[in-house]
Amino acid sequence: MTDEMNSLYLLSFLLTADLDKAGQCLFSGMGEYEEEIGVFMARARARARRTILKHAIWMITPAPERADEFSFTPFRPSAASGAINLFEAILGLNAFERFVYVMSVLEKQSDDECSTLLRCSRRDVIVARALALERLATAYNTYNQPVEAVGAWPAMFASHCA
C-alpha cells in the first residue's frame with residue numbers, strides 16, 4: 001500500500017507541480033477513494049488514479065495555449081546545478097503540456113480520454129504531447145542524458161523519497 005501511496009503522490013505532484021497542492025489533491029482524492037475499498041483492488045486503484053487526475057485538473061485548470069500565445073522555450077537547468085533531472089524537466093513544462101504528458105505518456109490514457117478530462121480537443125492533446133516530448137528530448141539531448149521517462153518514473157520517485 002505504501003508503494004501505491006507513493007505512486008499516487010507522485011502523480012499528484014507531477015500534475016500540480018507544487019508540494020502543497022499535491023498533498024491537497026492526494027488527500028481530497030483519497031477521501032473519494034475510501035468509498036471504493038470494497039471494490040476489486042485493481043479497479044479501485046484505477047479509480048483512485050482517475051480521481052487524482054480529476055482533482056488536479058480542478059485545482060490547476062490547465063488549458064491549451066492559444067496560437068497567439070505560443071512560444072517554444074526549451075527547459076534549461078538552473079545555473080547552480082548545471083544538470084537536469086527528469087522531475088525538473090517535467091515540472092518545467094507549462095501546465096497543459098505537463099498534464100497531457102503525465103496523462104497520455106506516463107498514465108497511458110488515450111487521446112480521447114485526455115481530451116474529455118481536460119475539456120479540450122483531441123488535436124490540443126496531440127499537439128501538447130508532441131511539444132512536451134520535444135521539450136523533454138531537447139533538455140536531455142542538450143546534456144547527453146538518456147530519456148527513460150516511461151516506466152521508470154515510479155521507481156525513480158520511490159528512491160527519491162527514500
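Visitor: At 25% relative accessibility, what does Leu91 count as?

Guide: This is a predicted model, in which local features need pLDDT of at least 70, side-chain atom pairs count only at pLDDT 80 or more, and totals for chains, interfaces and linings use all residues. Residues are numbered from 1 along each chain as its sequence is written, and side-chain values use heavy atoms, with hydrogens and water left out. Buried means under 20% relative accessible area and exposed over 50%, with partly exposed in between (1.4 Å probe, protein chains only). Leu91 has 25% relative accessibility, so Leu91 counts as partly exposed.

Visitor: Which residues is Leu91 in contact with, leaving aside its neighbours within four places in sequence?

Guide: Leu91 lies in helix 4; helices (H or I, at least four residues) and strands (E, at least two) are DSSP runs, numbered from the N terminus. Contact means heavy atoms within 4.5 Å. With neighbours within four places in sequence left aside, the contacts of Leu91 are Phe13, Leu14, Ala17 and Arg98.

Visitor: How far apart in space are Leu91 and Asp18, C-alpha to C-alpha?

Guide: Along the sequence, 73 residues separate Leu91 and Asp18. In space, the C-alpha to C-alpha distance between Leu91 and Asp18 is 9.0 Å.

Visitor: What pattern does the chain follow, read along the sequence?

Guide: The chain has eight helices and zero strands. Read along the sequence, the pattern is therefore written with a helix sign throughout: α-α-α-α-α-α-α-α.

Visitor: Which residue just after helix 1 takes a positive phi?

Guide: The residue sits in the loop between helix 1 and helix 2. Its phi is about 60°, although the residue is not a glycine. At 30% relative accessibility, this residue counts as partly exposed. The residue is Ala17.

Visitor: What is the relative accessible area of Lys108?

Guide: Lys108 lies in the loop between helix 5 and helix 6. Phi of Lys108 is positive, near 60°, in a residue other than glycine. Lys108 is exposed because its relative accessible area is 62%.

Visitor: How far apart are the end C-alpha atoms of helix 1?

Guide: The expected span of a helix is 1.5 Å times one less than its number of residues. Helix 1 has 15 residues, so it should span 21 Å. The C-alpha atoms at its ends agree with this, being apart by 21 Å.

Visitor: Which helix gives the most to the largest nonpolar core?

Guide: A nonpolar core is a set of buried Ala, Val, Leu, Ile, Met, Phe, Trp, Tyr and Cys residues joined through side-chain atoms within 4.5 Å. The largest one has 36 residues, and those touching the most other members are Leu15, Ile90, Phe99, Tyr101, Val102, Met103 and Leu118. Elements giving two or more residues to this core include helix 1, helix 3 and helix 7. The most, eight residues, comes from helix 5.

Visitor: Which residues does Phe99 touch, not counting residues up to four places away in sequence?

Guide: Phe99 belongs to the largest nonpolar core. Beyond four places in sequence, Phe99 touches Leu15, Ala56, Ile57, Ile60, Pro62 and Leu118.

Visitor: Which residues line the second largest pocket?

Guide: On a 1 Å grid over the protein atoms alone, a pocket is an open set of points where a 1.4 Å probe fits, with protein on both sides within 12 Å along at least five of seven lines; lining residues have an atom within 4 Å of a point. Helix 3 gives the largest share of this lining, three residues. The lining is Lys54, Ile57, Trp58, Thr61, Pro62, Thr116, Leu117 and Arg119.
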